[in-house]
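This report looks at how one protein chain is put together, moving from a helix to the core, the charged pairs and the surface. Please keep the sequence and the structure in view while reading.

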Amino acid sequence: MSQDSAAPEVARKLSGRRRREVVAVLLFSGGPIFESSIPLSVFGIDRQDAGVPRYRLLVCAGEEGPLRTTGGLELTAPYGLEAIGRAGTVVVPAWRSITSPPPADALDALRRAHEEGARIVGLCTGAFVLAAAGLLDGRPATTHWMYAPTLAKRYPSVHVDPRELFVDDGDVLTSAGTAAGIDLCLHIVRTDHGAEAAGALARRLVVPPRRSGGQERYLDRSLPEEIGSDPLAEVVAWALEHLHEQFDVETLAARAYMSRRTFDRRFRSLTGSAPLQWLITQRVLQAQRLLETSDYSVDEVAGRCGFRSPVALRGHFRRQLGSSPAAYRAAYRARRPQGESGVPAPAVEAVVPAQASGPQARRPAAAAATAPGGLPEPGKPHSDAYAPGRPALPGQRSVHQA
């Protein structure tokens, strides 16, 4: 589904006192300044000379100030929560802690805005604020891949998809971490004013108007720390060490001495992911590392990652990474600096859960070293998320996708 697709109709009619062109940005103390600045830059600067329609920005304090950013800066917002009552779009760019509840007054203001037809947007950890307000119940949503399992565990009624850069569910939208907030803000401009306006804004920001792919390339092998003390940790650790073998979820359930249904339920409650999807993702990640660090053929890679056939590897690899294994390897090697040795990188340790030594024990696993040439280090987020990584494929999920 293309990112240019129109968003579904807003479920509620916009209240008469709210204006479509008014965007309220809700800031909290302790929030990261980068994420906070994204909607301020997109919606708060007059770029009509470049063909970008103007929005009216209201920067609102979600709690008593002064507001301190993660860098120690102090901010004073010109408006309070009452100003949200005029906005047709309300953006929560970040929340300071995924473990602490947001202020009740701010949650009430968000619920009221949504009831009156405003479009509610959560960037990165801002999704936790929307979830706390109950606005994501029964809806698809995303957040930074690292926090997605926690969001799914804490709010089980939310359909969390950690693979997406952003999710447009009509009147409630969420994005992944950091740079994905720019993707979602550009999508909002594209939805409101068309591709030409979004393209003009992207040129001013010196970013692509659309990014391909999702968060899969940044996912790592780790699971939430909470699983470390759970009996399933040993089963998960075994699975990561035996990815080269052909086994299925029934095998894991048997090792956990559980029925398949109980194992599925228990695994999802701990990780926010279905065990089959998790297992496939780990096999694809292992294939990704082998393609980057070895000269094995695609058929050999499939066998070493536990896929029953190269066809199965190609299908899952393309679905998760938007490229064939051969094309991924070619693109990766094309970006390696000239003269760099093609010798596989040494194996490094990946953090996997285990019961033996605390919440997170280290076990050896084949993993790629830092990827040169602008690619993110496999399994870790990268600050320059705009480095091209694969063929054009939408990184956005919309309500139209079933």
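How many of the 19 residues of H10 are buried? In this predicted model, 17 of the 19 residues of H10 are buried, so the helix is largely enclosed by the rest of the structure. H10 covers residues 275-293, and its first and last C-alpha lie 27 Å apart, which is close to the 27 Å expected at 1.5 Å a residue.

**The chain as a whole**

H10 belongs to a protein chain that has 13 helices and 13 strands. Of the 402 residues in the protein chain, 53% are buried. When contacts between residues at least 6 apart in sequence are considered, 69% of them join residues at least 24 apart. The accessible surface of the protein chain is about 17,500 Å², and carbon and sulfur atoms account for 52% of that surface.

**The nonpolar cores**

In soluble globular proteins, nonpolar side chains tend to be buried together. The largest nonpolar core here has 36 residues, and the members that touch the most other members are Leu26, Ile84, Val90, Leu110, Ile120 and Leu136. At least two residues of this core come from each of strand S1 (19-27), S2, strand S5 (87-92), helix H2 (104-115), H3 and helix H4 (148-154). Leaving aside residues up to four places away in sequence, Ile120 touches a set of neighbours that includes Val90, Leu110, Leu130 and Leu135, and also Asp171. Another core, of 32 residues, lies apart from the largest one, and among its members are Val23, Val25, Val121 and Ile182.

**Charged pairs**

Side chains of opposite charge can pair when their charged atoms come close. Across the whole structure there are 14 salt bridges, and three of the pairs are set out below with the distance between their N and O atoms.

| Salt bridge | N to O distance |
|---|---|
| Asp49 and Arg204 | 2.8 Å |
| Asp171 and Arg139 | 2.9 Å |
| Arg260 and Asp264 | 2.9 Å |

The salt bridge of Asp49 with Arg204 links distant parts of the chain, since Asp49 is in the loop between H1 and strand S2 (56-61), while Arg204 is in helix H6 (residues 195-205), 155 residues apart. Asp49 is exposed, with a relative accessible area of 63%, whereas Arg204 is partly exposed at 41%.

Turning to the salt bridge between Asp171 and Arg139, Asp171 lies in the loop between strand S9 (166-168) and strand S10 (172-175) and Arg139 in the loop between helix H3 (126-132) and strand S7 (140-141), so the pair ties together parts that are 32 residues apart in sequence. Asp171 counts as buried because its relative accessibility is 3%, and Arg139 is buried too, with a relative accessible area of 14%.

Arg260 and Asp264 both lie in helix H9 (residues 260-271), where they are 4 residues apart, about one turn of the helix. Arg260 counts as partly exposed at 29% relative accessibility, and Asp264 is also partly exposed, at 23%. Elsewhere, Arg17, Arg18 and Glu116 are joined into one network by salt bridges that share partners.

**A patch on the surface**

Ile33, Phe34, Leu73 and Leu75 make a nonpolar surface patch of about 330 Å². One of these residues, Ile33, is found in helix H1 (residues 33-44), and Ile33 counts as partly exposed at 39% relative accessibility.

Note on methods. Residues numbered from 1 in each chain as written. Predicted model: local features only at pLDDT ≥ 70, side-chain atom pairs only at ≥ 80, totals over all residues. Heavy atoms only, no water. Expected span 1.5 Å × (residues − 1). Buried < 20%, exposed > 50% of the residue type's maximum accessible area, 1.4 Å probe, protein only. Contact = heavy atoms within 4.5 Å. Areas by Shrake-Rupley, 256 points an atom, 1.4 Å probe, with all protein chains shown as cover. Patch = residues over 30% accessible without salt bridge, like charges linked within 9 Å, V, L, I, M, F, W, Y side chains within 5 Å. Salt bridge = Lys/Arg side-chain N within 4 Å of Asp/Glu carboxyl O. Core = buried A, V, L, I, M, F, W, Y, C linked by side-chain atoms within 4.5 Å.
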